[in-house]
Amino acid sequence: MAIAVLDALDNARTQWYHITAIVIAGMGFFTDAYDLFCISTVSKLLGRLYYFDPDSSKPGKLPNAVNNAVVGVALVGTLMGQLFFGWLGDKLGRKKVYGVTLILMAFCAICSGLSFGSTSKSVIGTLCFFRFWLGFGIGGDYPLSATIMSEYANKKTRGAFIAAVFAMQGVGLIFAGLVSMILSKIFVSLHEAPSYKSNHVFSTQPQGDFLWRIVLMLGALPAILTYYWRMKMPETGRYTALIEGNAKQAAADMGKVLEITIQAEQDKLSNFKSANEYGLLSKEFFHRHGLHLIGTTTTWFLLDIAFYSNNLTQKDIFPAMNLTKKPEEVSALEEVYETSKAMFLVALLGTFPGYWFTVFLIEKLGRFKIQLIGFFMMSIFMAVLGIRYNYLKNHPAEFALLYGLTFFFANFGPNSTTFVLPAELFPTRVRSTCHALSAASGKAGAIVGAFGVQNYTLDGNPSKIQKAMIFLAFTNMLGFVFTFLVTETKGRSLEEISGEDGGAGEPETQMPVRSMGKPGAQMEEEN
């Protein structure tokens, strides 16, 4: 029998507080996406400024190892931050550590722009140091935001609410391109310069050193604006009741939020607590959720290899496909503008719509089916891009369409659902930790993309880019296969899914009987 506060949360009508929670949590993801991806718009500028060779026929370029470090070090920090803050969120409570992540993000975004030194090594070294800790703060936002939103939402719209929080990542991607595009255009108009081909020295405007710093520092603004409102959010009712054992406080907090009166029912907590006492490393957890955790970690890992490879290598693929001008044909600031404009258009037309298709359809189609469709379609389009690369490189419009569709189905697919499912499948006591493990596995995949796949695209070699696309098609097909380890969560309470209501939860041995065409069949059979 459900405790009144949990029942009230599961059946609450959608109201203003839910929207506020989406915005507060979502602004963290806006900041995350902006901070992680804005570096791609200015990394070539860093090469021109700090690795200029007057005798070379091509503009200055970050050495491969330096480029991978600048782009990838934040991902390493994100992975470590996910594990640390995810564990802390279960130990201390979601709210107590929620504001720390924003402070860290804002501080390190500002410091990234203030990277100092008299040599290229000192500037890049300082930049990498602060971007690592920036990533550490970003990492904490993943498990905390997902867990908080899942524990606040009602069971009918929970998936859409969590997906809406994550969809703010798409807005952050758009702004990463848009801000860089606008600022670089302003700088170009104020500081005109010849192309590198015309004049090797004067094609790199020294004012570019201000541009990349401003772009990075602006990532602190949304975090600063959100901090006050995040601190006003109460602890989730589920954590207060089921982990702290204080049903009275949970009823008071959630009653204020939902603007209703809720009975405390402290005496009913014993059944829930007894069903929620096993730890992450226990046999009971492995029996109930072991395959679920393997499913969420492997699918997120495989997805992020492709997703981050696509996002971080755009700057290299665009010139190879003639979607932007060759580096030697433009000045340093014009190259930032060309790259930013292309990234903005891909994000706006390909990436952004996919997120919101998921938001509007996740409660109709379900998480399982959307994830299967996304992985399958990404695999198909990337295989076509790889196999037909020699043809497509001479037909940029067709390439741009197929390339954009890979982004669309990443977000109307596993990039959204791999974020949603770990926030629903696991018990309250370990929910934040399990989401952190899944997200950290994803960032391990992103690191493979940043330090591995990116090496195949840095020099714009068509043969290497072709191999990278075929490899990514293969990883997406593996993601399709591993999706069968997770189960559909649509329309059920978190306690029903995890077994915290005293039931047996979701037996994993029944998962293979689910038909691909009807991912909810298992649920219907059980009910």
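Here are some notes on this predicted model, point by point.

1. Let's begin with helix α2, which spans residues 16-50. Its 35 residues cover 50 Å from the first C-alpha to the last, close to the 51 Å expected at 1.5 Å a residue. Even so, α2 has a kink of about 45 degrees, centred on Val 42. Of the 35 residues of α2, 28 are buried, so the helix is largely enclosed by the rest of the structure.

2. Staying with α2, have a look at Lys 44, whose side chain meets that of Glu 335 in a salt bridge (4.0 Å, N to O). Glu 335 belongs to helix α14 (residues 332-365) and Lys 44 to helix α2, so this pair ties together parts that are 291 residues apart in sequence. The two partners differ in their surroundings: Glu 335 counts as buried because its relative accessibility is 6%, while Lys 44 is partly exposed, with a relative accessible area of 21%. The cut-off matters here, because buried means under 20%.

3. Next comes the salt bridge between the side chains of Glu 424 and Arg 158, at 2.7 Å from N to O. Glu 424 sits in helix α19 (residues 422-425) and Arg 158 in helix α6, so the contact ties together parts 266 residues apart in sequence. Is each partner buried or exposed? Glu 424 is buried, with a relative accessible area of 0%, and Arg 158 is buried too, also with 0%.

4. Another charged pair is Lys 443 and Asp 304, whose closest N and O atoms are 3.6 Å apart. This salt bridge links distant parts of the chain, with Lys 443 in helix α20 (residues 431-451) and Asp 304 in helix α12 (residues 283-312), 139 residues apart. Lys 443 is buried, with a relative accessible area of 1%, and Asp 304 is likewise buried at 1%.

5. To put those pairs in context, a search of the whole structure finds 14 salt bridges. You may also like to display Asp 90, Arg 94, Glu 151 and Arg 431 together, as salt bridges link them in a network.

6. Now for the nonpolar interior. The largest nonpolar core has 121 residues, and those with the most contacts inside it are Tyr 142 and Met 149. Which helix gives the largest share of this core? Helix α6 (residues 158-190) does, with 13 residues. There is also a second, separate core of 28 residues, which includes Cys 128, Phe 132, Ala 176 and Leu 333.

7. Leu 75 is a good place to check a contact across the sequence. This residue lies in helix α3 (residues 64-92) and is buried, with a relative accessible area of 2%. Leu 75 and Gly 445 are 370 residues apart in sequence, yet their C-alpha atoms are 9.7 Å apart in space.

8. Finally, the surface. Phe 210, Ile 214, Leu 218, Leu 221 and Leu 225 make a nonpolar patch of about 490 Å². Helices α7 (208-217) and α8 (220-232) are the elements that give two or more residues to the nonpolar patch. Phe 210, placed in helix α7, is exposed, with a relative accessible area of 57%. As a reminder when viewing such helices, an α-helix has 3.6 residues a turn, so residues three or four places apart point the same way.

Terms used. Residues are numbered from 1 along each chain as its sequence is written. This is a predicted model: local features need pLDDT of at least 70, side-chain atom pairs count only at pLDDT 80 or more; totals for chains, interfaces and linings use all residues. Side-chain values use heavy atoms; hydrogens and water are left out. Patches are made of residues with over 30% relative accessible area and no salt bridge: like charges are joined within 9 Å, nonpolar side chains (Val, Leu, Ile, Met, Phe, Trp, Tyr) within 5 Å. Accessible areas come from the Shrake-Rupley method with a 1.4 Å probe; for residues, only the protein chains shown count as cover. Helices (H or I, at least four residues) and strands (E, at least two) are DSSP runs, numbered from the N terminus. Buried means under 20% relative accessible area, exposed over 50%, partly exposed in between (1.4 Å probe, protein chains only). A nonpolar core is a set of buried Ala, Val, Leu, Ile, Met, Phe, Trp, Tyr and Cys residues joined through side-chain atoms within 4.5 Å. The expected span of a helix is 1.5 Å times one less than its number of residues. The bend at a residue is the angle between axes fitted to the seven residues ending there and the seven starting there.
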